[in-house]
Amino acid sequence: MITRAPAKAFITIAAAAVLSLLWVEAPEADEIQQSDIRDRVQSGELVPLRRILDTIEAQYIGDILEVELERDDGLLIYEVELLGPQGQLVEFEFDARDGSLLEIEGRDLKAIRRQ
């Protein structure tokens, strides 16, 4: 089971990260408006953050430390940092458009994997 900060704090941290760190494709702007993020999730263009967090919780043990939504090589990426039970820091990257796991980095990954 992934333990989390109190719900109010977690929601605030996650919402702030997601709403403030998404880059747009518009040539004259690097930032997307909060309403655009909501619209993209509602239209199905982006996977809801909750789906990403549920995926991690179902497969790994640890505490979620940070969530960012960023552009990497033209792709929108959810980047999630997790602190494992033995103090290992693990970083996940998910494609924000389909929710697929693109990359996982960290030490002793076997120790955080649920059986």
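**A first look at a predicted chain**

Let's start with one residue: glutamate 70 counts as buried, because its relative accessibility is 19%, and the cut-off for buried is under 20%. Please keep in mind that this is a predicted model.

Where does glutamate 70 sit? Its place is strand 1, which covers residues 63-72. Glutamate 70 also has a partner to look at across the sequence: alanine 96 is 26 residues away along the chain, yet the C-alpha atoms of the two are 9.1 Å apart in space.

Now let's step back to the whole chain. How many helices and strands does the protein chain have? There are four helices and four strands. If you read along the sequence, the order is α-α-α-β-β-β-β-α, so please follow that pattern with me on the screen, using the definition of helices and strands as DSSP runs. The chain has 115 residues, and 35% of them count as buried. Its accessible surface is about 6,700 Å², with 52% of that belonging to carbon and sulfur atoms. As for contacts between residues at least 6 apart in sequence, 46% join residues at least 24 apart.

Next, the charges. Side chains of opposite charge can pair when their charged atoms come close. In this model the count is two salt bridges.

One of the two salt bridges joins arginine 50 and aspartate 54, with the closest N and O atoms 2.9 Å apart. Both residues belong to helix 3, residues 49-59, and they are four residues apart, about one turn of the helix. Are they buried or exposed? Arginine 50 is partly exposed because its relative accessible area is 38%, and aspartate 54 is partly exposed too, at 37%.

In the other bridge, the side chains of glutamate 45 and arginine 40 meet at 3.8 Å, N to O. Here the two ends fall into separate classes: glutamate 45, at 35% relative accessibility, counts as partly exposed, whereas arginine 40, at 14%, counts as buried.

Finally, let's turn to the surface. Which residues form a negative surface patch? They are Asp72, Asp73, Glu103 and Glu105. Let me pick out glutamate 105, which lies in strand 4, residues 101-106. Glutamate 105 counts as partly exposed because its relative accessibility is 42%.

So we end with two glutamates to find on your screens: glutamate 70 in strand 1, which counts as buried, and glutamate 105 in strand 4, which counts as partly exposed. Thanks for listening!

Technical notes
Residues numbered from 1 in each chain as written. Predicted model: local features only at pLDDT ≥ 70, side-chain atom pairs only at ≥ 80, totals over all residues. Heavy atoms only, no water. Patch = residues over 30% accessible without salt bridge, like charges linked within 9 Å, V, L, I, M, F, W, Y side chains within 5 Å. Areas by Shrake-Rupley, 256 points an atom, 1.4 Å probe, with all protein chains shown as cover. Salt bridge = Lys/Arg side-chain N within 4 Å of Asp/Glu carboxyl O. Lys, Arg positive; Asp, Glu negative; His and termini not counted. Charge placed at Lys NZ, Arg CZ, Asp CG, Glu CD. Buried < 20%, exposed > 50% of the residue type's maximum accessible area, 1.4 Å probe, protein only. Contact = heavy atoms within 4.5 Å.
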